[in-house]
Structures are given as structure tokens and as C-alpha cells.
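Biologist: Before I rely on the terms used for this chain, I should like each one set against its definition. Please show the structure.

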Amino acid sequence: MFVLHIGNKNYSSWSMRPWVAMTAFAIPFEERQHWLDTPEFAAQVSPLSPVAKVPVLEDGDLRIWDSLAIGEYLAERFPQHALWPRDAAARARARSLCASMHSGFGALREHMVMNIEADLPGRGWNLAVQRDIDQILQLWQGALQASGGPFLFGAFGLVDAFYAPVCMRFLTYRPTLPDWAWRYVQDVAAHPAVAKWIGQARAEHVFLPADEPYRAQGAQASESPAASPIARFDAQVPYFAVIFSSLRSADDAGYGAMSMRMAELAPKQAGYLGIESVRRADGFGITVSYWASLDAVARWKQQVEHLGAQAQGKAKWYADYAVRVARVERSYGKAKADRALV
Ligand SMILES: N[C@@H](CCC(=O)N[C@@H](CS)C(=O)NCC(=O)O)C(=O)O
């Protein structure tokens, strides 16, 4: 009998993946849970894995650590189960999707920590997180279009188990997603193996401050500007808004690095107030940056690295765009006191 060692069901996204895959394919296993951030964790897990992390799968004397290695081992041990797609090209693409999840999307993982039991709409969002979300949507859309759905490669497989924790994060933090993506998220959440994990995660009620950057800070966090993606500086009126509407081209080379660099540079400019940015999966997006004066707007336009980005954007990254500069006369929103405290 296999033994699968896992962490907290509410937080441990890496544990969720093999647990969901084994449950989905009815591979029998005994579960042993080790509570993260406890003094016992290292003592219990170090003898099982040289990196002292969960998940670990025990098959007799053999111990396999790391979610991806476990997935590959299961696929080899159970060729009768289509853990990977049967078609070689689809299998290679599914492996690419899993590898991207396994080694990437660090901003999403850091700022939207998996926290199944919590409801934190609007928290955790920033431009780097949005870039991860955009890439994930692109991966999902390509796979769903090629397979026809409902899961990434048609039937539920290892690749869906790998993205199940992303679906959990989307349900907790509710970033803006297109309808087709919400449908996929809901289909994953409703899969019996995922639904079983969710039920057990919700019943856990173990609260780890290290994994609760929003709830642990309580009221303070809910009132900080980072708590909501809406930039607010009402007292600065009149101020100026630069509305950049754009349609991305298919050329991605260098775009991600540039948008990260601009997101890093803009806040360092004199007169910068804030930014709001959304992009649909079809490539249409709107970014509004807010500035204290027209001078500040002009200085940002002429900033030397920004000039380079504008030239490259015009030449390759944008199929179309429009820039409008507007003066904001009035500025208000939901009263601070009404903001949800969680
Ligand atoms: N690359 C590993 C990551 C495993 C991992 O980071 N596990 C976390 C829990 S989700 C852990 O054991 N953390 C405990 C620690 O670092 O002390 C995998 O894919 O399995």
C-alpha cells in the first residue's frame, strides 16, 4: 500500500497535487498528515525526504519526494490510467504545462497563497501577479481550445491536478477572469477528488500566521492601499490620469520583462500616484496611471527607459493602442469604514 505524506490541506498546494491525482484515478493510498510550521514537522519529514518537504510518496522501501517526480512515478506504475494524455504530442504539451507550474508563477504563489478556507477577494493582486495570471490563462486557453475541454486535455489528468491549487487561489482571491476560465475553475473545483480535498481543507481550521499575510494583519491590512487593486488618493484632486488602451500582438519576446521593469520604475517617478491595470485573455487591456501634475506625466513620457519601451511597444508588442490624458476633477469611492474586514 502506498503511503502519501502531506501537509495542511488548507495551505499545502504541493501536497494537493498528488493527493488529488491518486484520488481521481482511484489509486489506493494511506494518508499521513504532517502539520506545517510545527516543531514536529522537520522531525517527522526529514527521515522521509532529504529536502524535508511534503509531499513524499512511500512505495515499500522506495521514497519519492517532489510532486512532479511522484506524478511521473505514478504514470509509469499505472500505465492503465491516463495520468498523462495518450497522444505523444498532447503528452509533451501537458508536461510543459506542469513544468511551467512547477518552476514558475512565483508572484501568484507568493502573493495569492493557497488558502482554500478563506475568502479574500481583491487581496494579493499586483502587476507581477497579473502577468502570471495572463500566462496561465494563455496556457489554459491553448489547451482547452485544442482538446475541447472540459479539462485541459479533455478528461481530468495530472495536469489538471497540477493547476487545481491555482483554481483554489482564483476562488479565494477572485481576480478578474474571462467566463471560460471561471467555467474551467468551477469544473475543477467540482471534480469529486478536488471537492473531497476542499471539504477536508475547510474542516481543518488550523490558522498559520506565516500563510496569512492578509488575515493576520487584520484591520490594518484591509485599510492599506495594497489590500485592493483600486488605487485611491482622493485628497489629491485635481490629478491626472493617463489611460492606455492596448491590444497585444502575438509577439511576446521581451514583453514580460519590460512590463515588470516599467511597474518597478513608474512608482519611483516624482508625481506618481498609482496604477490600475487589467487585461483580457484576448489581449485587450487598459492601464490607467495616475499623476499629480501634467509635468509629472510629461517627465514619465520622456523617461529614457520608458521611451525605449514605447518604441518597442509600437514596433512589436501592440497591434493597436490609444493614449488619453485626462484631468480628474472629482474622486471618491466606497467609504473606508465599509470595506470588508476579514
Ligand atoms: N518542489 C516541491 C515543493 C514542496 C514544498 O515546498 N512543500 C512545502 C509544503 S506545500 C513544504 O513542505 N514546506 C515545509 C518547509 O519548507 O519546511 C514539490 O513540488 O513537491
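The exchange below takes the terms in turn.

Modeller: This is a predicted model, in which local features need pLDDT of at least 70, side-chain atom pairs count only at pLDDT 80 or more, and totals for chains, interfaces and linings use all residues. Residues are numbered from 1 along each chain as its sequence is written.

Biologist: What makes up the secondary structure of the chain?

Modeller: The chain has 13 helices and 8 strands, where helices (H or I, at least four residues) and strands (E, at least two) are DSSP runs numbered from the N terminus.

Biologist: Why is the chain called as compact as a globular protein of that length?

Modeller: The globule rule is 2.2 Å times the number of residues to the power 0.38, and the radius of gyration is taken over C-alpha atoms. For 342 residues the rule gives 20 Å, and the chain has 22 Å, which is close, so the description applies.

Biologist: What share of the residues count as buried?

Modeller: Of the 342 residues, 32% count as buried, meaning that 20 or more other C-beta atoms, placed from the backbone, lie within 10 Å of the residue's own.

Biologist: Which domains does the assignment give, and how many residues of each are in contact?

Modeller: The bounds, from an automatic or database domain assignment, are 2-210 for domain 1 and 230-328 for domain 2. Contact requires C-beta atoms, placed from the backbone, within 7 Å; 10 residues of domain 1 and 9 residues of domain 2 are in contact across the pair. Helix H6 (residues 127-147) supplies the largest share of the domain 1 side, 7 residues.

How values were computed. Buried ≥ 20, exposed ≤ 12 C-beta atoms within 10 Å, placed from the backbone. Contact = placed C-beta atoms within 7 Å.
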